[in-house]
Amino acid sequence: YGSTRPERILAEVKRKATRGDARSVVDTIDQYCRHQEWAMNVGDEKGTILDSIVCEVKPRAMLELGTYCGYSAVRIASLLPPNSRLITMEFNPVFAAIARQVIAWAGVEDKVVLIEGPSGDWIPKMKKEFGLTSFDLVFLDHWKDCYLPDTKLMEECGLLRTGSILVADNVICPGAPDYLEYVRGSPRYESKYFRSHLEYTRVEDGIEKSVFLG
Ligand SMILES: Cn1ncc2cc([C@H](O)c3cccc(CNC(=O)c4cc(-c5ccc(F)cc5)cc(O)c4O)c3)ccc21
Ligand SMILES: [Mg+2]
């Protein structure tokens, strides 16, 4: 039987990355996905943009939608201030199982909570489950047609406060046109596009940073 791409990525991390060194896990995945087989991590170029926003915001409470192999969860967690928490949500149990091991190998498991299941089920119960008031920063990287409905659901559930920041991957490729139209057209958001490239390629892609104005 063949292994899956996430399993091959985990194997590469265990072979090449230094246990407890988040940076080496990130670099190992980037090397593998650039030179061996492409995978849908946010990647090094867009990852640098994400890093700068995480460092600027210094979120106490952060949400990631779409864990995949845990690449961006490791990247983000390695930049979080002490007693800050990243909650990352993964729908696919195979991806979640791999991501847990990648996050553990990087040594950031005490900053990351990985929850499994569909965002539509989880978002309405997050306040209660995690004793949250709101998220300072949300990274959207799950199904592109879920960006908009989940953003509206987060608004309705009071998970966004004045100044909460949404960072969305892939707004050009594969694209999230309804989401872009919403955050760029709504008076309740101040939106900015960071032009970049699809991970490990020369194809245009970008990240949209949107501040919720309340
Ligand atoms: C509801 N819910 N809640 C949590 C949650 C988590 C998941 C999974 O993690 C999951 C599974 C499959 C796909 C995605 C979205 N990602 C993408 O589709 C993507 C594509 C490409 C690309 C670009 C060019 C190509 F040619 C092919 C793929 C580049 C990118 O960076 C991507 O993020 C996410 C799913 C639903 C979830
Ligand atoms: Mg993505």
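Which helix is V171 found in? V171 belongs to helix 9, and that helix is a handy place to start a tour of this predicted model. Helix 9 is one of the elements that give two or more residues to the shell around ligand 1, and the loop before it holds D169, one of the residues that coordinate the magnesium ion (ligand 2). Here's the quick rundown, topic by topic.

**The magnesium ion**

- Three residues coordinate the magnesium ion (ligand 2): D141 and D169 through OD atoms, and N170 through OD1. The distances run from 2.0 to 2.2 Å.
- Read along the chain, these donors follow the spacing D-x27-D-N.
- D141 sits in the loop between strand 4 (135-140) and helix 8 (147-156), while D169 sits in the loop between strand 5 (160-168) and helix 9 (171-175), so the pair ties together parts that are 28 residues apart in sequence.
- Are D141 and D169 buried or exposed? Both D141 and D169 are buried.

**Ligand 1 and its surroundings**

- Ligand 1 has 19 residues around it, and the closest are E90, D141, K144, N170 and E199. Two of those names, D141 and N170, also turn up at the magnesium ion.
- The side chain of D141 has an N or O atom 2.8 Å from an oxygen atom of ligand 1.
- For K144, a polar side-chain atom lies 2.9 Å from an oxygen atom of ligand 1.
- N170 joins in as well, with an N or O atom of its side chain 2.7 Å from an oxygen atom of ligand 1.
- How much of ligand 1 does the protein bury? On its own, ligand 1 exposes 750 Å², and the protein buries 79% of that.
- As for where it sits, ligand 1 is in the largest pocket. The elements giving two or more residues to the shell around ligand 1 are strand 2 (85-90) and helix 9.

**A closer look at helix 9**

- V171 counts as buried, at 4% relative accessibility. Its C-alpha atom is separated by 6.7 Å from that of E208, a residue 37 positions away along the chain.
- C173 is in helix 9 too. With a relative accessible area of 23%, C173 is partly exposed.
- Between C173 and A11 there are 28 Å in space, C-alpha to C-alpha, and the two are 162 residues apart in sequence.
- The peptide bond joining C173 and P174 is cis, with omega at about 10 degrees. P174 is found in helix 9 as well.

**Backbone oddities**

- Some background helps here: most residues other than glycine have a negative phi, and most peptide bonds are trans.
- Y68 isn't a glycine, yet its phi is positive, at about 55 degrees. You'll find Y68 in the loop between strand 1 (61-65) and helix 4 (71-77).
- N83 also has a positive phi without being a glycine, with a value near 40 degrees. N83 is placed in the loop between helix 4 and strand 2.
- Which of the words buried or exposed fits Y68, and which fits N83? Y68 is buried, with a relative accessible area of 10%, whereas N83 is exposed, with a relative accessible area of 60%.

Conventions: Residues are numbered from 1 along each chain as its sequence is written. Chains are lettered from A and ligands numbered from 1 in the order in which they are written. This is a predicted model: local features need pLDDT of at least 70, side-chain atom pairs count only at pLDDT 80 or more; totals for chains, interfaces and linings use all residues. Side-chain values use heavy atoms; hydrogens and water are left out. Donors are N, O and S atoms within 2.8 Å of the metal (3.2 Å for Na, K and Ca); water is not among the atoms, so sites may look incomplete. Helices (H or I, at least four residues) and strands (E, at least two) are DSSP runs, numbered from the N terminus. Buried means under 20% relative accessible area, exposed over 50%, partly exposed in between (1.4 Å probe, protein chains only). A residue is near a molecule or strand if one of its heavy atoms lies within 4 Å of it. A polar contact is a pair of N or O atoms within 3.5 Å; within protein, one must be able to donate a hydrogen and the other to accept it, and residues adjacent in sequence count only if both atoms are side-chain atoms. Accessible areas come from the Shrake-Rupley method with a 1.4 Å probe; for residues, only the protein chains shown count as cover. On a 1 Å grid over the protein atoms alone, a cavity is a set of points where a 1.4 Å probe fits but cannot get out, and a pocket is an open set with protein on both sides within 12 Å along at least five of seven lines; lining residues have an atom within 4 Å of a point. A molecule sits in a cavity or pocket if more than half of its atoms lie within 2 Å of its grid points.
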